[in-house]
Amino acid sequence: MKDTAKDAGQDAGAAGREPAGPLGVAVVGAGYWGPNLVRNFQSSPEFRLRWLCDLDEDRARKVLGGYSTVQATSDYAAVLADPAVDAVAVATPAGTHLDVALAALRAGKHVLVEKPLAATYEDGLRLVNEAEERGLTLMCDHTYCYTPAVGRIREMVRSGELGDIQFFDSVRINLGLVQKDVDVLWDLAPHDLSVLDFILPDHVRPVAVAAHGADPIGAGQSCVAYLTLQLNNGAIAHVHVNWLSPTKVRTTIVGGSKRTLVWDDLNPTQRVAVFDRGVDLTAPQEIGADERRDMLVSYRSGDMVAPALGEKEALRSMVEEFSAAIRNGRPALTDGRAGLQVLDILEAASRSLEFRGAVVGLRTGR
């Protein structure tokens, strides 16, 4: 990308004139995640992939293959100046998200950004404000939120099928690649935090966070971390992330007053299980004085149900949501403010680590 083109095509993009046919889209970044976006945009009838832009133009050409009609380039200004481009998908390093996405928004393009939304909360807020001022769609690619399992979990939580949420407990551990530039919280926790934000009812939100981390191998940043979130309804959410575990675990438990749900992402035969088991509390006024000591708490042991889940690639669903949000002029399910929520928690967690696990309040206004 020779030029971030902050002024290229100023206000000349797609806002306000969405075509009846496929939306023209450009992918920026041909590294780890970009090829996945290329494949899904090419297979979607909602989009027509027009450009793949990367600093290494040869790498972009290799991703597209020898017979592709999609244009490969290292000139970002040319991409933004193309009136056939309605949207831009950003798959570049997090430190570049602000410049790349901001240039696209200023050129009138709708923007999809891979997680995290930006390198800092303040950068993310600039993107959100820019998109809102221009009436453009800004969406964060929180991929796990578009899996069939998480979609079903969201339905059960928000419909009240689980009752009032009492706890959320997530474990994401494996013998993973120790990153040089970020700690394990910034590397792995965004997945769990985006899922938490996605499934919670609108009236339930995190208000404070405490984090504890350790660097037992001398990597220079935390390789094992525990994150505890206080929710405004009195519930608690806990996330364990770890690069040093010899076993891989991807399990989330969502506990409600009626039922408890277990999501095991590594179990293809039973990813989601719902247990009608838990603790019931009898109100003191409902029982006699003689029984009060023994009957305040009772245990419920019912059936376990494994709901049937469809099979669909999460990225395909994400691409469809991006198109629907653009065409209908509504916020995407994982919009820019969802990305801001994750950044808010991560920054507060980093401050908590600096102060040895102190509780840090989250920003308001969400």
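In this predicted model, Val 209 counts as buried because its relative accessibility is 1%, and buried means under 20%. The residue sits in strand S8, which covers residues 206-214. A good way to picture its surroundings is to look at what it touches. Leaving aside residues up to four places away in sequence, Val 209 is in contact with Leu 227, Thr 228 and Leu 229, and also with Ile 345, Ala 348, Ala 349, Ser 352, Ala 358, Val 359, Val 360 and Leu 362. One of these partners, Ala 349, is 140 residues away along the chain, yet its C-alpha atom is separated from that of Val 209 by 6.3 Å.

Strand pairing comes next. Strand S7 (residues 165-175) and strand S11 (residues 244-256) run antiparallel and are joined by nine bridges. Within this pairing, Phe 168 stands opposite Val 254 of S11. S11 is also joined to strand S12 (residues 260-264), again antiparallel, by five bridges. Here Thr 251 faces Asp 264 of S12, and a hairpin of three residues links S11 to S12.

Helices meet in this model as well. Helix H1 (residues 34-43) packs against helix H9 (residues 314-328) at an angle of about 65 degrees, and their axes are 10 Å apart. The crossing of H1 and H9 is right-handed. From H1, the contact involves Asn 36, Leu 37, Asn 40, Phe 41 and Ser 43, while H9 contributes Leu 315, Arg 316, Met 318, Val 319 and Phe 322. Sorted by class, the contact between H1 and H9 has six nonpolar residues, three polar ones and one charged one.

Conventions. Residues are numbered from 1 along each chain as its sequence is written. This is a predicted model: local features need pLDDT of at least 70, side-chain atom pairs count only at pLDDT 80 or more; totals for chains, interfaces and linings use all residues. Side-chain values use heavy atoms; hydrogens and water are left out. Axes are lines fitted to C-alpha atoms, for helices over the stretch in contact, and angles run from 0 to 180 degrees between N-to-C directions. Helices (H or I, at least four residues) and strands (E, at least two) are DSSP runs, numbered from the N terminus. A crossing is left-handed if the near helix is turned anticlockwise from the far one by less than a right angle, and right-handed if clockwise. Contact means heavy atoms within 4.5 Å. Ala, Val, Leu, Ile, Met, Phe, Trp, Tyr, Cys and Pro count as nonpolar, Asp, Glu, Lys and Arg as charged, and the others, Gly among them, as polar. Buried means under 20% relative accessible area, exposed over 50%, partly exposed in between (1.4 Å probe, protein chains only). Two strands pair if DSSP finds at least two bridges between them.
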